[in-house]
Amino acid sequence: MEIKKIQNILETYSEIEIKLSNMNTDNLDHYAKLSKEYSDLKPLVEKSKEFLKLHEELKDAQELVEEHDIEIKKEAEEEVEILKRKILKLENELKILLIPKDESDERNAIVEIRAGTGGEEAALFASDLLRMYSKFSELKNWKVEIMDISQTDHNGVKEVILNISGKDVFGNLKYESGTHRVQRVPQTESGGRVHTSAATVAVLPEASDIDVEVLDKDLRVDIFRSSGPGGQSVNTTDSAVRITHLPTGVVAQCQDEKSQHKNKAKALKVLRSRIFEIETKKKEDERALDRKTQVGTGDRSERIRTYNFPQGRVTDHRISLTLYKLDQILNGELLGEIIVGLEADSNMKKLSE
């Protein structure tokens, strides 16, 4: 890595620091933007300073290698090797920090879980995934809000839409999009045969009205009566809301609240996020991004993970990672271990370009 590039980073950081100290805080938006840029650069600056310090130490050690004293020369040669290894490690860390961040990583997320093939067993598995993401969110101090849910008579979930808010939610959960497969013996199976069923997960960055302008004239709003498991009515008033965005055909609905107004607000939030995802993908395609750098961050038809109950294992097929810790993963405790592996793999692919 070029020393000049490192020095440029430190200069930029110093310039922002000076601007912040002299800035009039009347323009809060500009101040907040600059403060964020300053904060984001801090980890990179700390590593950059350490990188320059090690280079100076290496330069001094290399000079000592030229000494005539055999003992000093030997010690200096050992020090040179140690410093070179430290610099190489730090260089890789700096390269990862220099990878452009996905602007959506810091956003909240809309998570959609749907039972796939496998009937009631698939619905029960979708319920397990709902619990896994809820538990994982709890451990991360994120807030989980159910936007809409459709359940079965046996505590299964046909479909659920979550709004998860907190720090870097989308950046953590974006790798969860895809088909999740389960292999286990259903409770109704008397012969003890292992059945395979699936559920799909879609993770969308939450969009605001600033990101996506939704005009009233472009919306068709349908009001209907909420229904519970097995089609049973759970609400005596017509409060469930379905919104169709006419220009794109995107549909979102919510029936979780008793208030029609609250259901409409939630449905609009989901609708915006779905439209935002479509527009974002369109821009990515226009920029002809290499899809090899995408680690299953949106294609819900891709089979990404298998949860095998008889063997107590979870396998993520994208990075060939198998963990015999199924209970801890479904409890949200070790899901982060898989996410870290996926993030590292994504970074390595971006670096190899």
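**Helices, cores and salt bridges in a predicted model**

Trainee: In this predicted model, what distance separates the end C-alpha atoms of α8, and what span should its 18 residues have?

Mentor: The expected span is worked out at 1.5 Å a residue, so the 18 residues of α8 should span 26 Å. The distance between the end C-alpha atoms agrees with this expectation, and it comes to 26 Å.

Trainee: Which residues of α8 are buried, and is Leu351 buried or partly exposed?

Mentor: The buried residues of α8 are Leu335, Ile338, Ile339, Leu342, Ser346 and Asn347. Leu351 is also found in helix α8, which covers residues 335–352. Buried means under 20% relative accessible area, and because Leu351 has 32% relative accessibility, it counts as partly exposed.

Trainee: Which residues join Leu351 in a nonpolar patch on the surface, and what accessible area do they have together?

Mentor: Leu351, in helix α8, forms this surface patch with Ile96 and Met348. Together the three nonpolar residues have an accessible area of about 230 Å².

Trainee: Which element gives the most residues to the largest nonpolar core?

Mentor: The largest nonpolar core has 35 residues, and those with the most contacts inside it include Val111, Leu129, Met132 and Tyr133. Several elements each supply at least two residues of this core, among them β1, β3, β5 and α8. The element that gives the most, with seven residues, is α4.

Trainee: What span should α4 have, and how far apart are its end C-alpha atoms?

Mentor: At 1.5 Å a residue, the 21 residues of α4 should span 30 Å. The end C-alpha atoms of α4 agree with that expectation, being 31 Å apart.

Trainee: Is Leu129 of α4 buried or exposed, and which residues is it in contact with beyond its neighbours within four places in sequence?

Mentor: Leu129 is one of the buried residues in α4, as are Phe125, Met132 and Tyr133. Once the neighbours within four places in sequence are left aside, Leu129 is in contact with Ile113, His180, Ala199, Val201 and Tyr307.

Trainee: Which residue forms a salt bridge with Asp40?

Mentor: An α-helix has 3.6 residues a turn, so residues three or four places apart point the same way. The partner of Asp40 lies with it in helix α2, four residues away, which is about one turn of the helix. The closest N and O atoms of the pair are 2.7 Å apart, and the partner is Lys36.

Trainee: Lys36 also meets a second acidic side chain in a salt bridge; which residue is that?

Mentor: The N to O distance in this salt bridge is 3.0 Å. The pair links distant parts of the chain, because the partners are 70 residues apart, with Lys36 in helix α2 and the other residue in the loop between α3 and β1. At 38% relative accessibility the partner counts as partly exposed, and its name is Glu106.

Trainee: How far apart in space are His68 and Glu106?

Mentor: His68 is found in the loop between α2 and α3, and at 78% relative accessibility it counts as exposed. His68 and Glu106 are 38 residues apart in sequence, and their C-alpha to C-alpha distance in space is 56 Å.

Trainee: Which residue meets Glu93 in a salt bridge?

Mentor: Glu93 is partly exposed, with a relative accessible area of 23%. Its partner, four residues away in helix α3, counts as exposed at 54% relative accessibility. The N to O distance between them is 2.8 Å, and the partner is Lys89.

Conventions. Residues are numbered from 1 along each chain as its sequence is written. This is a predicted model: local features need pLDDT of at least 70, side-chain atom pairs count only at pLDDT 80 or more; totals for chains, interfaces and linings use all residues. Side-chain values use heavy atoms; hydrogens and water are left out. Buried means under 20% relative accessible area, exposed over 50%, partly exposed in between (1.4 Å probe, protein chains only). Patches are made of residues with over 30% relative accessible area and no salt bridge: like charges are joined within 9 Å, nonpolar side chains (Val, Leu, Ile, Met, Phe, Trp, Tyr) within 5 Å. Accessible areas come from the Shrake-Rupley method with a 1.4 Å probe; for residues, only the protein chains shown count as cover. A salt bridge is a side-chain nitrogen of Lys or Arg within 4 Å of a carboxyl oxygen of Asp or Glu. A nonpolar core is a set of buried Ala, Val, Leu, Ile, Met, Phe, Trp, Tyr and Cys residues joined through side-chain atoms within 4.5 Å. Contact means heavy atoms within 4.5 Å. The expected span of a helix is 1.5 Å times one less than its number of residues.
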